[in-house]
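Good morning, and thank you for joining this short presentation. I shall take you through one structure, beginning with a sheet and ending with some backbone details.

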Amino acid sequence: MTGYPAGVVPDAWIVTVTERELKDDPVTRTEAIGATSDHGVLVLTGSVTTLLAAQRALDIAHLVRGVRAIVDRIDLAAVPRPDNDLDLEAGTALRRDPVTARQRLQAHVEHGAALLTGEVESPAIRTAALEDLQAIPGLVSVLDDVVVQNVTGPDALVAAAVRRSVSVDPWLDGSRVRVDARRGVVRLEGWVTSPQERARAEADARTASPAAVDVQALQLVPFADDGTLRGSPRTPRSDGDLEQSLLDAFLHDGRVTPFVPRVYVQGGVVVLSGVAPNDAAARAVDDDAWNLPGVRAVRNFVRVRGATPSSRAT
């Protein structure tokens, strides 16, 4: 499908593209994830075995063209495991990953929650370490307390970190991109389908803290529209569109209804207020707002039994 404006993509097509992307992704392909869409409000359901799968499904939902809002109803079906078993697996995962093996990292698990500490040479390595832990079945959360030094490491490590970043980025088909590093300079070769994908590949490469990135050999080869936003410029959404889309998401989220919070959007920043009937409804409102494609920040002043309003920014 080509030539259609955002917001009017048929729901059946949105579901088809979402299901295809979920099946193509190595992290989500074996997970029990369902998708439905109603006027561009995409609802994800089912259960997953790892934190990484839950996050990857949400990332995939964001890249599907025509999705106006996302309601994430995926449950983490984490089988309880002893902390010492999780501790051991976390350490093994970090040692076996060539990207993280020589970094000064430690993981400690308590009550199913892992705390990652230590020092790494680049943001790409920190992300790889976090994903290593998020891929462990049984962990219910992963906390990050890692210090990033932002130094250019050995060429082999820089290249490995870039390959990892490119290969796991849902917004980029990393199978088309080859990576080499010499004297700290990362060279990307192969082909991408749009300037947006080329920029994404370059941005991924820079997270490995190289001395420089060379994308001259990364060719631009236009390809057929695959129903995603990978090859599309990021067009800001109007405040009115964001507001209506979020209100529509609330109607499709059984955790929120019958509560309808007040919503105000200015400059892509969502402001929420009202009195929620319970904590679950308040959390769902916050999640739906942050999962809204195109949102810049959320200011949440929804109250629950006198609880203090929370606020966080991107």
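Let me begin with an open sheet of three strands, whose order is E4-E5-E6 and whose pairing is mixed. The edge strands are E4 and strand E6 (141–148), each of which pairs on one side only. From one strand to the next, the twist averages 10°.

Before going further, a word on the source. This is a predicted model, in which local features need pLDDT of at least 70 and side-chain atom pairs count only at pLDDT 80 or more, while totals for chains, interfaces and linings use all residues. Residues are numbered from 1 along each chain as its sequence is written, and side-chain values use heavy atoms, with hydrogens and water left out.

As for terms, helices (H or I, at least four residues) and strands (E, at least two) are DSSP runs, numbered from the N terminus. Two strands pair if DSSP finds at least two bridges between them. In general, strands of a sheet pair through backbone hydrogen bonds, either parallel or antiparallel.

Within our sheet, E4 pairs with strand E5 (residues 113–120) in the antiparallel sense, over seven bridges. One residue to locate here is Arg 104, whose bridge partner in E5 is Glu 119. Helix H3 packs on the sheet and touches E4 and E5, with its direction at about 160° to that of E4. Helix H4 (residues 123–134) also packs on the sheet; H4 touches E4, E5 and E6, and its direction makes about 160° with that of E6. Contact here means heavy atoms within 4.5 Å, and the axes are lines fitted to C-alpha atoms, for helices over the stretch in contact, with angles from 0 to 180 degrees between N-to-C directions.

What covers the buried residues of H4? The cover includes helix H2 (51–62), H3, E4, E5, E6 and helix H5 (155–168). The buried residues of H4 include Ala 128 and Asp 132, where buried means under 20% relative accessible area, exposed over 50%, and partly exposed in between (1.4 Å probe, protein chains only).

These two residues lead us to Asp 97, in the loop between H3 (83–96) and E4 (104–110). Asp 97 touches Ala 128, Asp 132 and Arg 164, leaving aside residues up to four places away in sequence. Is Asp 97 buried or exposed? Its relative accessibility is 9%, so Asp 97 counts as buried.

I turn now to the aromatic residues. How many aromatic pairs does a search of the whole structure find? The search finds one. The ring centres of Trp 191 and Phe 223 are 6.1 Å apart and the planes stand at 55°, so the pair is tilted. Rings of Phe, Tyr and Trp (its six-membered ring) pair if their centres lie within 6.5 Å; planes under 30 degrees apart count as stacked, over 60 as edge-to-face and the rest as tilted. Because Trp 191 lies in strand E8 (residues 185–192) and Phe 223 in the loop between strand E10 (218–220) and helix H7 (239–252), the pair ties together parts that are 32 residues apart in sequence. Trp 191 is partly exposed, at 29% relative accessibility, whereas Phe 223 is exposed, at 57%. In addition, Arg 176 lies over the face of Phe 223, at 5.6 Å from the ring centre; the criterion is NZ of Lys or CZ of Arg within 6 Å of the ring centre and within 35 degrees of the ring normal.

Next, please look at strand E11 (residues 262–266), where the side chains alternate. Val 263 and Val 265 point to one face and are buried, while Arg 262, Tyr 264 and Gln 266 point to the other and are not. E11 pairs with strand E12 (residues 269–275) in the antiparallel sense over five bridges, and Val 263 stands opposite Leu 272 in E12. The hairpin of E11 and E12 has two residues between the strands, and in it Gly 267 takes a positive phi near 60°.

Finally, the backbone. Most residues other than glycine have a negative phi, and most peptide bonds are trans. Which residues does a cis peptide bond join? They are Thr 257 and Pro 258, with omega about 5°; Pro 258 is placed in the loop between H7 and E11. His 111, in the loop between E4 and E5, has a positive phi near 55° and is exposed, with a relative accessible area of 68%. Arg 183, in the loop between strand E7 (177–182) and E8, has a positive phi of about 55° although it is not a glycine; at 80% relative accessibility, Arg 183 counts as exposed.
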